[in-house]
Amino acid sequence: MSPIKGLLFDLDGVLVTTEHNHFIAWQRCANSLGIAFTENENELLKGVSRIDSLKKILELGHKTISSIEFEDLLKSKNDFYLESIQSLSASDLLPGVAALLEEAKAKGILLGVGSSSKNAKFILNKLGIADYFAVVIDGNGVNDPKPHPEVFLNGAKAFNLAPNEVLVFEDAASGIAAAKAGGFTAVGVGNPNIAKQADLYFNDLTEFSLANYA
Ligand code: B16
Ligand code: MG
């Protein structure tokens, strides 16, 4: 592995606990359509864009709805999700995140976010960590969402680094696939379901030691 000069973090489920809020909001949405939705089905949605997530729920329930109903459900899911993260703060950062950001900053390692979420910048500001990141590529800035590698390739390009000089941290199968397709080392975090697909795996970021890579 080349010496690491940049770190790209997924947001929901890697930096912050919001993946659970997405789950609850999608469960409410699925149930309103009469579709059963548990943590198992939610695994298929992690890291997946809002539009593709609703398409997957409809596929699960073998349902077809009008485009107006589709747009209404997207809006009500996001309204409910945003309401549920109103009180989000630095205390919702996942274990090891704050220390790793500080250590990387002190070492001059470039930091970025590569998220499918259109709420990423709002959340980073709420968490008080926005200033750590030289680049934020989110769901507003890509044509092809994860598992396509565009989000991470755009991040590396903005760093002016090659993919093999950047580690990608992910909690979702779609994100691990995106990182690997882009030629990055895919570091799985906090989701045992992706441990085998990832190049490296840690239960949380307290287990990750930057000194081993940079
Ligand atoms: P939004 P990530 C993803 O964020 C979430 O994992 C996924 O559950 C969500 O559907 C997606 O963002 C879109 O989020 O509705 O806020 O635009 O994990 O890629 O940081
Ligand atoms: Mg995620």
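## Strand 1 and the magnesium site

Strand 1 and strand 2 (residues 110–114) run parallel as a pair, joined by 4 bridges. The structure is a predicted model, so please read the details below in that light. Here is a short tour, from the strand to the metal ion.

**Neighbours of strand 1**
- On the strand 2 side, leucine 7 has leucine 111 as its bridge partner.
- Strand 4 also pairs with strand 1 in the parallel sense, again over 4 bridges.
- In that pairing, valine 168 of strand 4 stands opposite leucine 8.

**Side chains of strand 1**
- Gly6 and Leu8 point one way from strand 1, while Leu7 and Phe9 point the other way.
- Gly6, Leu7, Leu8 and Phe9 are all buried.
- Alternation between the two faces of the sheet is what side chains do in a regular strand.

**The magnesium ion (ligand 2)**
- Which protein residues are the donors of this ion? They are Asp10 (OD), Asp12 (O) and Asp171 (OD), at 2.0 to 2.2 Å from the ion.
- Along the sequence, these donor residues follow the spacing D-x1-D-x158-D.
- Aspartate 12 and aspartate 171 link distant parts of the chain, 159 residues apart.
- Aspartate 12 sits in the loop between strand 1 (6–9) and helix 1 (19–32), and aspartate 171 in the loop between strand 4 (166–170) and helix 8 (173–181).

**Burial of two donors**
- Aspartate 12 counts as buried because its relative accessibility is 7%, under the 20% cut-off.
- Aspartate 171 is buried too, because its relative accessibility is 4%.

Technical notes. Residues numbered from 1 in each chain as written. Chains lettered and ligands numbered in written order. Predicted model: local features only at pLDDT ≥ 70, side-chain atom pairs only at ≥ 80, totals over all residues. Heavy atoms only, no water. Donors = N, O, S within 2.8 Å, 3.2 Å for Na, K, Ca; no water. Helix = DSSP H or I, 4+ residues; strand = E, 2+ residues; numbered from the N terminus. Buried < 20%, exposed > 50% of the residue type's maximum accessible area, 1.4 Å probe, protein only. Pairing = 2+ DSSP bridges.
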